[in-house]
Amino acid sequence: MADHFPAFELSPVPVPAVDAVAPEVHRGIYGMPMFVTLPTADLGASVDFWMRGLGFIDLFTIPGRMTHLRRWAFQDVLVVPGEQVSVAPAASVSFACVLSQLDEIAAACEELAPGCTTGPRPTPWNTVDLEVITPENTRVVLTAARPLDPDSAEAKNLAAVGIETPRS
């Protein structure tokens, strides 16, 4: 017996579909259940890349100290001055998006920093992922769920671990 239950109403992520529409950028203030803090040697360059390349907004800035970036609800990033690593670490941070956004994000990032993207590419866990290395050497993965056929092998694998695929 699995302890999993459907809780999709908590998430801003739309139901996986080829024509899924991304939610609007969330401008509300809330207690953040999770966020990423990124040290950077060039606060302006990092903030610019995250906004123009990855589609985040400047929710607010404390000049010279921190910029709070956001995309969808619960996609929060704090960019702070500091020493940055010289190479991207093996760990990554992932942000949900929809399939139609991947090529646009890849193009915007490549325009700002040629060679910074890998993909988009399909994964065995039913997503299409775009990897981006940002100016402060953060490994960011934009991940979009693919539609899932409830009768597919992927759906059967999920059901085997207690995750049921919704039927239309």
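## Exercises on salt bridges and the nonpolar core

Arg 121, Glu 131 and Arg 139 are linked in a network of salt bridges. The exercises below concern a predicted model.

**Exercise 1.** Determine where the residues of the Arg 121 and Glu 131 pair lie, and classify each as buried or exposed to some degree.

*Solution.*
Step 1. The side chains of Arg 121 and Glu 131 form a salt bridge, with an N to O distance of 4.0 Å.
Step 2. This pair joins distant parts of the chain: Arg 121 belongs to strand β6 (residues 117-122) and Glu 131 to strand β7 (residues 127-133), 10 residues apart.
Step 3. Arg 121 has a relative accessibility of 40% and counts as partly exposed. Glu 131, with a relative accessible area of 17%, is buried, because the cut-off for burial is under 20%.

**Exercise 2.** A search of the whole structure finds four salt bridges. Examine the one between Asp 48 and Arg 52, and establish how the two residues are placed in helix α1.

*Solution.*
Step 1. The closest N and O atoms of Asp 48 and Arg 52 are 2.9 Å apart.
Step 2. Both residues lie in helix α1 (residues 43-52), four residues apart, or about one turn of the helix.
Step 3. An α-helix has 3.6 residues a turn, so residues three or four places apart point the same way.
Step 4. Asp 48 is partly exposed, its relative accessible area being 32%, while Arg 52 counts as exposed at 51%.

**Exercise 3.** Classify the partners of the salt bridge between Arg 70 and Asp 76 by accessibility.

*Solution.*
Step 1. The side chains of Arg 70 and Asp 76 meet with an N to O distance of 2.6 Å.
Step 2. Arg 70 is buried, with a relative accessible area of 1%. Asp 76 also counts as buried, at 1% relative accessibility.

**Exercise 4.** Which residues touch the most other members of the largest nonpolar core, and which elements give two or more residues to this core?

*Solution.*
Step 1. The core has 25 residues, of which Trp 50, Leu 54, Val 77, Phe 95, Val 132, Val 140 and Leu 142 touch the most other members.
Step 2. Two or more residues come from each of β1 (36-40), α1, β4 (76-81), β5 (93-97), α2 (102-112), β7 and β8 (139-145).
Step 3. Beyond its neighbours within four places in sequence, Leu 142 has contacts that include Leu 54, Phe 95, Leu 102, Ile 105 and Val 132.

**Exercise 5.** Describe the two ends of helix α3 (residues 153-160).

*Solution.*
Step 1. At the start of α3, a side-chain oxygen of Ser 152 comes within 3.2 Å of the backbone nitrogen of Ala 155.
Step 2. Just after α3, Gly 162 adopts a positive phi of about 95°.

Methods: Residues are numbered from 1 along each chain as its sequence is written. This is a predicted model: local features need pLDDT of at least 70, side-chain atom pairs count only at pLDDT 80 or more; totals for chains, interfaces and linings use all residues. Side-chain values use heavy atoms; hydrogens and water are left out. A polar contact is a pair of N or O atoms within 3.5 Å; within protein, one must be able to donate a hydrogen and the other to accept it, and residues adjacent in sequence count only if both atoms are side-chain atoms. Buried means under 20% relative accessible area, exposed over 50%, partly exposed in between (1.4 Å probe, protein chains only). A nonpolar core is a set of buried Ala, Val, Leu, Ile, Met, Phe, Trp, Tyr and Cys residues joined through side-chain atoms within 4.5 Å. Contact means heavy atoms within 4.5 Å.
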